[in-house]
Amino acid sequence: MSFDDKATCWDTDPKKLERAEVVSAAIREQVLLTPATRALEYGCGTGLLGFALRPAVGELVLADSSEGMLEVVEQKITDGDFDQVRTLHLDLCADPAPNECFDLICSLMTLHHVPDYQGLLRSFYQLLNPGGHLCIADLDAEDGSFHGADFTGQRGFDRQEFKHILTSLGFDHIDITTVFEVERGTAEVPRRYPVFLMVCRRP
Ligand SMILES: C[S@@+](CC[C@H](N)C(=O)[O-])C[C@H]1O[C@@H](n2cnc3c(N)ncnc32)[C@H](O)[C@@H]1O
């Protein structure tokens, strides 16, 4: 099932809502956000993280490669009458980067879907203003059982390796903590997958 197909029922899972709220609270604890903060949520899905951060930031851009997800976001923008929130259809692995910069780029559970995630991190660096922050919440390294054998993305991320990549791209003040746990599997055989939040800065 594609993300387009999943879009209309995405928000019916209370765990996804809780996850976004928890990550938003953790970002707000670690990064100073003000009404002047220009924020981008990349791989926003239905915008759960972005909308949770919205009261703390100024302009907010919600970007995704899925038209279906962005249609849900557009409806939320219309229903909430938000004037500083807009959508952007964007796949930074295929499209040129937009001609604008941000003070905050955040992303939740998206990076592991991107084959060239290092290229994506490089694009994030270019899209940040000096002093801006990148906040990525995603899976810790796992055995491939999260998505199953056919999945072509990343099997989560090793924290030390991730930190090393970010350092080599030029980011500093890198901090990685556990923020959430996704529960999968069955009642008999439950599986828990930790989710980290990485916060770093473009000098
Ligand atoms: C697991 S969902 C997470 C959605 C949302 N961040 C959340 O936590 O509820 C991954 C999202 O990343 C988007 N995505 C996957 N690859 C992408 C890419 N290369 N560029 C932009 N968005 C992408 C998908 O369309 C989907 O909305």
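This is a stop-by-stop tour of a predicted model, moving from the sheet to the ligand and then to three single residues.

**Stop 1: the sheet**

Start by selecting the strands. Seven of them, in the order E3-E2-E1-E4-E5-E7-E6, form an open sheet with mixed pairing. Now color the two edges. These are strand E3 (85-89) and strand E6 (172-185), each of which pairs on one side only. Look along the sheet to see the twist, which averages 15° from one strand to the next.

**Stop 2: strand E4**

Select residues 102-108, which make up strand E4. How many of its residues are buried? The count is 7 of 7, so E4 is mostly covered, given that a residue is buried if 20 or more other C-beta atoms lie within 10 Å of its own.

Next, add strand E1 (residues 39-42). E1 and E4 pair in the parallel sense, over 3 bridges. To find one pairing, pick Glu-41: its bridge partner in E4 is Cys-106.

Then add strand E5 (residues 128-139). E4 and E5 run parallel and are joined by 6 bridges. Show Leu-108 here, and Ala-137 of E5 appears opposite. Now trace the chain from E4 to E5. The path goes through helix H5 (residues 117-127), and this β-α-β crossover is right-handed.

**Stop 3: from E5 to E7**

Keep E5 on screen and select strand E7 (residues 190-201). The pairing of E5 with E7 is antiparallel, over 7 bridges. For a landmark, label His-133 and Arg-201: the latter is in E7 and stands opposite the former.

Two helices come next. Helix H4 (residues 67-80) packs on the sheet, where it touches strand E2 (60-64) and E3. The direction of H4 makes about 170° with that of E3. Helix H6 (residues 159-169) lies across E6 and E7. The angle between H6 and E6 is about 140°.

**Stop 4: around the ligand**

Center the view on the ligand. Which residues are closest to it? They are Phe-3, Gly-43, Gly-45, Ser-65 and Ser-66, out of 19 residues that surround the ligand. Helix H2 (14-30) and helix H3 (48-53) are the elements that give two or more residues to this shell. Color the shell by residue class to see 10 nonpolar, 6 polar and 3 charged residues.

**Stop 5: Ser-145**

Go to the loop between E5 and H6, where Ser-145 has its place. Is Ser-145 buried, exposed or partly exposed? Ser-145 is partly exposed, because 13 other C-beta atoms lie within 10 Å. Now add Arg-184. Ser-145 and Arg-184 are 39 residues apart in sequence, yet their C-alpha atoms are 9.5 Å apart in space.

**Stop 6: two backbone angles**

Most residues other than glycine have a negative phi. The last two selections have positive values.

- Select Asp-81, in the loop between H4 and E3. Its phi is near 55°. Asp-81 counts as exposed because it has 7 C-beta neighbours inside 10 Å.
- Select His-173, in strand E6. This residue is not a glycine, but its phi is positive, at about 50°. Why does His-173 count as exposed? It has 11 C-beta neighbours inside 10 Å, and a residue is exposed if the number is 12 or fewer.

Note on methods:
Residues are numbered from 1 along each chain as its sequence is written. This is a predicted model: local features need pLDDT of at least 70, side-chain atom pairs count only at pLDDT 80 or more; totals for chains, interfaces and linings use all residues. A residue is near a molecule or strand if its C-beta atom, placed from the backbone, lies within 6 Å of it. Helices (H or I, at least four residues) and strands (E, at least two) are DSSP runs, numbered from the N terminus. Ala, Val, Leu, Ile, Met, Phe, Trp, Tyr, Cys and Pro count as nonpolar, Asp, Glu, Lys and Arg as charged, and the others, Gly among them, as polar. Two strands pair if DSSP finds at least two bridges between them. A crossover is right-handed if, with the strands pointing away from the viewer, the path from the first strand over the helix to the second runs clockwise. Axes are lines fitted to C-alpha atoms, for helices over the stretch in contact, and angles run from 0 to 180 degrees between N-to-C directions. Two residues are in contact if their C-beta atoms, placed from the backbone, lie within 7 Å.
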